[in-house]
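Please open the model in your viewer and keep the sequence panel visible. The tour below proceeds by selection, with a short account of what is found at each stop.

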Amino acid sequence: MTDEQKPEAEAAPPESEDVSGVGFTYFVGRWIVAPLARMVYRPRIEGVRNVPRKGPIILASNHLSFIDSFVIPMFAPRPVYFLAKSSYFDGKGLKGWFSRQFFTAIGATPVQRGAGQAALDALDQQRRILQSGRAIALYPEGTRSLDGRLYKGRTGVAFLALETGAQVVPVGLIGTNEAMPVGAKWPKFSPRMVIRYGEPLDLAHLGPASSGRARRQATDEIMAAIHALSGQELAGAYNEAPAQNPVERLRQVLPHERR
C-alpha cells in the first residue's frame, strides 16, 4: 500500500517515539489534537518513510500560508519544534492562557524576533534543540510567499545543518494557501492539502559551516529538492519586504548573504 493510499496510518507517530521532556500540553496536542486534525482535514501525506525517526533533523519546507506552522508539526511522524513569537506566550487572562497552551501543544517554543542579538539567540535556541537529537521545522525562504512562487533560499538552514551535522528533510506543501488564503481568519476544510517529504540530504560533503560557498551550495541543494516536491514556479529572487529607506534599498541591491 502506498503512502498516498494510507496517509493517516503512515502519519501516526510510532510507539517507540520518545516524548519525554516535551510536557503534558504537547503530549495532549500530539496524541489527541493531531489525530482529530487528520480526521478533519484528511491530508495526503507522501514519502513519510523519508523522515528519520531518531536523531537531529531539519524539516526544510516551502511556505505558503499561516497554517504551515501548524500543518508540519501536527502531521509529522515524530515531534517537531519550531520557533514562534514570544508574544504568543505572554498574553494575560483567558485568551493569553489559551494562546500559550495552543502553541505549546503544537511544538512551538518562544523566541524574541528581530535582528542583532535576538537573531543570534534564536539561532542558539535552534542549535540546542538539534543538539538534543530533536527535529525542527524551518522555512529557507524566510517568510510566506504571497504569490505562490518559490523564492530563493536564505543560508540560515544550511548553516545549522552544516554546524550540527543534522540531516535536512525537504518538505513540499501543496494547497495550504488555498486552505487558508492570506487575510482569512479561519482555515477551510477543502481543498485537500498535500505534504510531501523528500529523501534526507546529508550536506557535510560541501564543507564546513564557516564557508560561505558551502552554505550557498547547501542552500541551493535544499531549495532544488523543495522545488522538485512542490512544483512551484521559481521566483528567481529573495522574498524580501519592500525597502523602507535608502539604506535598506542599497542593502538589497548590493551582494550579501541572506541569513
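Helices in this tour are DSSP runs of H or I with at least four residues, numbered from the N terminus. The model is predicted.

**The whole chain**

Begin with the full chain displayed as a cartoon. Its secondary structure comes to nine helices and seven strands. Of the 259 residues in the chain, 47% are buried. If contacts between residues at least 6 apart in sequence are considered, 78% of them join residues at least 24 apart. Switching to a surface view shows an accessible surface of about 13,400 Å², and carbon and sulfur atoms account for 57% of that area.

**Helix α5 and Gln126**

Select residues 117-131, which form helix α5, and within this helix pick out Gln126. Is Gln126 buried or exposed? Its relative accessibility is 11%, below the 20% limit, and Gln126 therefore counts as buried. Show the neighbours next: leaving aside residues up to four places away in sequence, Gln126 touches Leu83, Ile136, Leu138 and Leu160.

**Helix α6**

Now select residues 156-164, helix α6. Seven of the nine residues in this helix are buried, so α6 is largely enclosed by the rest of the structure. The buried residues are Gly156, Val157, Ala158, Phe159, Leu160, Ala161 and Leu162. Just after the helix, select Gly165, which has a positive phi near 80 degrees.

**A link between α5 and α6**

Display the side chains of Arg127 and Glu163. These two residues form a salt bridge, with the closest N and O atoms 2.6 Å apart. The pair connects distant parts of the chain, since Arg127 lies in helix α5 and Glu163 in helix α6, 36 residues apart. Arg127 is buried, with a relative accessible area of 16%, whereas Glu163 is partly exposed at 38%.

**Further salt bridges**

How many salt bridges does a search of the whole structure find? The search finds six. For another of them, select Arg149 and Asp147, whose side chains meet at 2.9 Å, N to O. Both residues are partly exposed: Arg149 has a relative accessible area of 26%, and Asp147 has one of 41%. Elsewhere, salt bridges that share partners join Arg44, Glu46 and Arg196 into one network. Within this network, select Glu46 and Arg44, where the closest N and O atoms of the salt bridge are 3.0 Å apart. Glu46 is buried, with a relative accessible area of 13%, while Arg44 counts as partly exposed at 25%.

**Strands β1, β6 and β7**

Keep Arg44 selected and add the strands around it. Strand β1 (residues 44-46) pairs with strand β7 (residues 194-197) in the parallel sense, over three bridges. Opposite Arg44 in β7 stands Val194. Then add strand β6 (residues 167-174), which pairs with β7 in the antiparallel sense over four bridges. Which residue in β7 is the bridge partner of Val171? The partner is Tyr197.

**The aromatic pair**

Select Phe66 and Phe70 and show their rings. A pair of aromatic rings is described by the distance of the centres and the angle of the planes. One aromatic pair is found in a search of the whole structure. The ring centres of Phe66 and Phe70 are 5.3 Å apart and the planes stand at 80 degrees, so the pair is edge-to-face. Phe66 is partly exposed, at 38% relative accessibility, whereas Phe70 is buried, at 16%.

**The nonpolar cores**

To finish, colour the nonpolar cores. The largest has 30 residues, and those with the most contacts inside it are Leu59, Phe75, Ile195 and Tyr197. At least two residues of this core come from each of α2 (24-41), β2 (57-61), α3 (68-75), β3 (80-85), β5 (135-138), β6 and β7. Helix α3 gives the most to this core, with five residues. A second, separate core has 26 residues, among them Leu123, Ala158, Ala161 and Ala218. Two of these names, Ala158 and Ala161, were met earlier among the buried residues of α6.

Methods:
Residues numbered from 1 in each chain as written. Predicted model: local features only at pLDDT ≥ 70, side-chain atom pairs only at ≥ 80, totals over all residues. Heavy atoms only, no water. Buried < 20%, exposed > 50% of the residue type's maximum accessible area, 1.4 Å probe, protein only. Contact = heavy atoms within 4.5 Å. Phe/Tyr/Trp six-rings, centres within 6.5 Å; stacked < 30°, edge-to-face > 60°. Salt bridge = Lys/Arg side-chain N within 4 Å of Asp/Glu carboxyl O. Pairing = 2+ DSSP bridges. Areas by Shrake-Rupley, 256 points an atom, 1.4 Å probe, with all protein chains shown as cover. Core = buried A, V, L, I, M, F, W, Y, C linked by side-chain atoms within 4.5 Å.
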